Amino acid sequence: MHAHHHPRTRRGVVWWRVLCAWAATCSTALPCPAAQSARAHAHDGERVFIRACLDCHTASGGSGLDLTAPGVLQRRALTAAKVVRDGTMPPWLPNSHGASLRDARALTASDRAALMQWLESGAAQTVASVPSAVSQDSPAVLTVRLAEGWRVPADPGLAVRSFALTPEIDQATLVGGFELVADAPGVLHGVSFLWDQLGYGIRLDNSESAPGYDAVGDIGLNASGSAGAISRLAPRVTLPREYAIEIPMRAALIVEAHAQGRGKVESPAATIRFLPAPPNARVLRPLSMHRALCATLADASEAVAISVRAGPRVQSIEVVAIDLRGSTVRLLEIPRWNEQFAEPWFFDPPVALCAGTRLEVRSTVNPAAELVPLDAHATAMSEPTVIVLVADEPTPESHKKPN
Ligand code: HEC
């Protein structure tokens, strides 16, 4: 109060402090005073929180847990510090031993330390608001409604159901991405697709009176996910530029949906939007590896994306590429599988693979989960199914510039 009436005095005080600080650093070479560095750290902590957590933890974010609502972060600050310490948050399953991936969410050690210190000291009263991740309403080549009428039970187990949809597609169409807009964010963990031209999925769906059918979405060797996947962790997926996935003509869309009960019976209904591809996009095709089956590339290719389906019996997953001379490249390594945080991963840059390269999946079993009896879903998911989306390597002609 006093200082307001004596601006010059106040100014003098400030200058005096600056001089002291200067004297302290120069004469004794001490680090910054502790209080000052704690404050800088707190600021860093909040900055890391906004950048690393709020993609998912706003009212419209995919997690269903809004950490920006008044009081929520203060109440959950210690839990938040715990899940950051044990590496659960931000969710990111692959480690850094595989090929490099786009949009990796792993925190650096110093960001993690700053964030934990900020959370452990109770976080802030209010977090600077961030614009919500509203759907950008870009035009879609196809929009489908999913899982209307399906009720996910309250108990916290994984619920899997597949749906056969019959959108009217009268010509082959390329898509460059997908968007999942859930009616109630969080309950639906993810969806994966395949296109079925044989009609099996429709027959399965018609065999039950409720919408969908009680099985994983695979049709023969055509694995769910071979035509793309979306997770609540990143509800808007854009394929790397220049690539696309093809929707064939007159096929049924089979969507395998994963949800988890949250203490009350809920509807996981959602809208899926298929986004247009850029012109001249290169079509991706799936290589799927079920159980002990590995896949061999006939032609030189580029691996663009990888996704995995596996249940809680699976502990670790490794996907390697072995070329004809026997040299091995690790594409993906997940030391501790957690199906809650499955999502499609994109190689950045795409990984070049020579003709004759064999892709192989290696996995270990979680000893604790091995004791739990298997139901039909758990059996289907007791070993990983891995899908790698590849494009043929561009031919020399396609590199030529038009003259
Ligand atoms: C990519 C999305 C995503 C990001 C980024 C993310 N989270 Fe989460 N978070 C989730 C999901 C999904 C859940 C699980 C919600 C559920 O139980 O269904 C979750 C759960 C939580 C929980 C509740 C855990 C519990 O055991 O109750 C906390 C606390 C949390 N996150 C904090 C954070 C913090 C702090 C960050 C930033 C370092 C962060 N999250 C980043 C998606 C995310």
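**Exercise 1. Asn280 and Arg250 in their loops**

In this predicted model, work out whether Asn280 is buried or exposed, then do the exercise again for Arg250.

*Solution.* Start by counting neighbours: Asn280 has 9 other C-beta atoms within 10 Å. A residue counts as exposed at 12 or fewer, so Asn280 is exposed. Next, place it in the chain: Asn280 sits in the loop between strand S9 (270-276) and strand S10 (282-283). Now check the backbone: its phi is positive, about 60°, although Asn280 is not a glycine. For background, most residues other than glycine have a negative phi.

Arg250 has 12 other C-beta atoms within 10 Å, and is therefore exposed. Its loop lies between strand S7 (243-247) and strand S8 (252-260), and its phi is positive too, near 45°.

**Exercise 2. The sides of helix H5**

Check the span of helix H5 (residues 109-120), then find which of its residues are buried.

*Solution.* Begin with the length. At 1.5 Å a residue, the 12 residues should span 16 Å, and the end C-alpha atoms are indeed 16 Å apart. Then pick out the buried residues of H5: Ala114, Leu115, Trp118 and Leu119. They cover an arc of only 130° around the axis, so they lie on the same side of H5. The spacing helps here: an α-helix has 3.6 residues a turn, so residues three or four places apart point the same way. Turn to the face away from the buried side, and you meet the exposed residues Ala109 and Ser110. After H5 comes Gly122, with a positive phi near 95°.

**Exercise 3. Around the ligand**

Describe the shell around the ligand: how many residues surround it, and which are the closest?

*Solution.* The ligand is surrounded by 21 residues, the closest being Cys53, Cys56, Ser63, Met89 and Pro90. Two elements give two or more residues to this shell, helix H3 (34-53) and helix H4 (72-85); H4 gives the most, with five. Sorted by class, the shell holds 12 nonpolar, five polar and four charged residues. Finally, look at the domains: domain 1 (25-120) and domain 2 (136-282) each contribute at least three residues.

**Exercise 4. Two cis peptide bonds**

Locate the cis bonds at Pro90 and Pro349.

*Solution.* The bond from Met89 to Pro90 is cis, with omega near -10°, and Pro90 lies in the loop between H4 and H5. The bond joining Asp348 and Pro349 is cis as well, with omega about 0°; Pro349 belongs to strand S16 (residues 345-353). As a reminder, most peptide bonds are trans.

Note on methods:
Residues numbered from 1 in each chain as written. Predicted model: local features only at pLDDT ≥ 70, side-chain atom pairs only at ≥ 80, totals over all residues. Helix = DSSP H or I, 4+ residues; strand = E, 2+ residues; numbered from the N terminus. Expected span 1.5 Å × (residues − 1). Buried ≥ 20, exposed ≤ 12 C-beta atoms within 10 Å, placed from the backbone. Arc of directions from axis to C-beta. Near = placed C-beta within 6 Å. Nonpolar A, V, L, I, M, F, W, Y, C, P; charged D, E, K, R; others polar. Domains from an automatic or database assignment.
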